Amino acid sequence: MSDYYPIFVDLRLKPVLVVGGGNVAYRKVQTLLEHGAIVHIVSPDLIMELKDLVDSQRCFWANKEYSSEDIQDATIIFSCTEKDEVNANVSIDAQKNKRLINVVDDPEKCSFIVPSIMERGDLKIAVSTGGSSPIVARQIREQLQMQYGQEFEDYLSLLKEWRKKVKSGLSSEQKHVFWSKVTDGEILELIKKGRLSEAKGVVERCFRSLLD
Ligand SMILES: C[C@@]1(CC(=O)O)c2cc3[nH]c(cc4nc(cc5[nH]c(cc(n2)[C@H]1CCC(=O)O)[C@@](C)(CC(=O)O)[C@@H]5CCC(=O)O)C(CC(=O)O)=C4CCC(=O)O)c(CCC(=O)O)c3CC(=O)O
Ligand SMILES: NC(=O)C1=CN([C@@H]2O[C@H](COP(=O)(O)OP(=O)(O)OC[C@H]3O[C@@H](n4cnc5c(N)ncnc54)[C@H](O)[C@@H]3O)[C@@H](O)[C@H]2O)C=CC1
């Protein structure tokens, strides 16, 4: 049986607790903010980068050591301290309260782990080694970034634009022909070469030819 079930969670406006104010906490906070979470940090100190985020009101900070009541309504909790005992307490409290918990230096105490992620518009790829080697997860993410370039952003938004029209305007057989044609590589190649309007024209013509 596999340990971790992967899902993509909508964290926009959801309260998330981060315990600790060092480099690892900073890395987790950055990704959380990029995904719209409301981040509450509890730590007796913060590295400068986190202090800047607090000063610019991008997240909240309680300047204190962690205690059980800090959990409040956080749906997801990250324990990012260097102290085993503190991390263990946060993990116990989180599990008692049935919240999801990530303990950064002990996969055994985690109910979830964080993958290495890359985005190209609507394309999001998350890579995990199940904790076996975070460095390998990062290296694979870097390779994927080279393989899937910026062109995927325009490519996917163009395909998305057509989804509604195709859904209501074509039969299931025609749909199959349409999607096979527009995803056969030609459109992607044109976008990659910076010829987006030409690519749009090819899609349009493909749609029309199916209606004839
Ligand atoms: C289990 C997990 C728990 C969790 O954090 O969720 C975990 C645990 C640990 N990481 C450690 C070390 C490092 N981790 C990184 C980086 C990343 N770590 C991330 C995730 C995870 N790390 C989860 C498993 C992911 C998986 O494997 O699927 C990434 C993917 C995501 C993120 O953090 O946002 C992010 C790369 C993001 C990117 O660049 O894309 C680097 C720096 C680097 O490599 O750049 C180092 C230093 C080099 C080294 O020591 O390896 C240590 C040892 C600490 C020690 O020995 O002191 C532990 C503890 C242990 O394993 O016991
Ligand atoms: N999962 C991951 O991605 C990685 C995990 N690690 C591990 O993560 C841990 C943290 O690493 P760093 O951020 O570099 O450490 P750090 O020492 O810079 O930061 C630890 C932070 O925890 C705070 N803290 C300590 N006691 C606390 C308490 N009682 N309540 C609240 N906050 C408290 C400290 O004040 C400090 O801000 C280390 O144990 C390290 O081995 C390291 C690299 C990557």
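Helices and strands here are DSSP runs, numbered from the N terminus. The model is predicted.

**Exercise 1.** Find where Gln 57 sits, and decide whether it is buried or exposed.

*Solution.*
Step 1. Look between α2 (48-55) and β3 (60-62): Gln 57 is in the loop there.
Step 2. Take its relative accessible area, which is 73%.
Step 3. Exposed means over 50%. Gln 57 is therefore exposed.
Step 4. Check the backbone. Phi of Gln 57 is near 60°, a positive value in a residue other than glycine.

**Exercise 2.** Do the same for Leu 13: which segment holds it, and is it buried or exposed?

*Solution.*
Step 1. Leu 13 lies in the segment before β1 (15-19).
Step 2. Its relative accessible area is 67%. With the cut-off at over 50%, Leu 13 is exposed.
Step 3. Leu 13 has a phi near 65°, a positive value in a residue that is not glycine.

**Exercise 3.** Describe the surroundings of Ala 25, starting with its helix and ending with the residues it touches.

*Solution.*
Step 1. Ala 25 belongs to helix α1, residues 23-34.
Step 2. Its relative accessible area is 0%. Buried means under 20%, so Ala 25 is buried.
Step 3. Set aside residues up to four places away in sequence. Ala 25 then touches Val 18, Gly 20, Leu 50 and Cys 80.
Step 4. Now take a distance. Asp 45 is 20 residues from Ala 25 along the chain, and their C-alpha atoms are separated by 11 Å.

**Exercise 4.** What secondary structure fills each of the two spans that UniProt annotates, residues 120-145 and residues 158-204?

*Solution.*
Step 1. An unreviewed UniProt entry gives "domain: Siroheme synthase central" for residues 120-145.
Step 2. That span is 46% helix and 23% strand, and its end C-alpha atoms lie 9 Å apart.
Step 3. UniProt, again in an unreviewed entry, lists residues 158-204 as "domain: Sirohaem synthase dimerisation".
Step 4. Residues 158-204 are 83% helix and 0% strand, with end C-alpha atoms 11 Å apart.

**Exercise 5.** Outline the whole protein: its elements, its extent and its burial.

*Solution.*
Step 1. Count the elements: eight helices and seven strands.
Step 2. Take the extent. The C-alpha atoms fill a box of roughly 70 × 40 × 30 Å along the principal axes.
Step 3. Compare with a globule. The radius of gyration is 22 Å, whereas a compact globule of 212 residues would have one near 17 Å.
Step 4. Turn to burial. Buried residues make up 35% of the 212.
Step 5. Finish with charge. There are 29 positive and 32 negative side chains, and the centres of the two sets lie 7 Å apart.

Note on methods: Residues numbered from 1 in each chain as written. Chains lettered and ligands numbered in written order. Predicted model: local features only at pLDDT ≥ 70, side-chain atom pairs only at ≥ 80, totals over all residues. Heavy atoms only, no water. UniProt positions renumbered as here; feature names shortened; annotations may be inferred. Helix = DSSP H or I, 4+ residues; strand = E, 2+ residues; numbered from the N terminus. Rg over C-alpha atoms; globule rule 2.2 N^0.38 Å. Buried < 20%, exposed > 50% of the residue type's maximum accessible area, 1.4 Å probe, protein only. Lys, Arg positive; Asp, Glu negative; His and termini not counted. Charge placed at Lys NZ, Arg CZ, Asp CG, Glu CD. Contact = heavy atoms within 4.5 Å.
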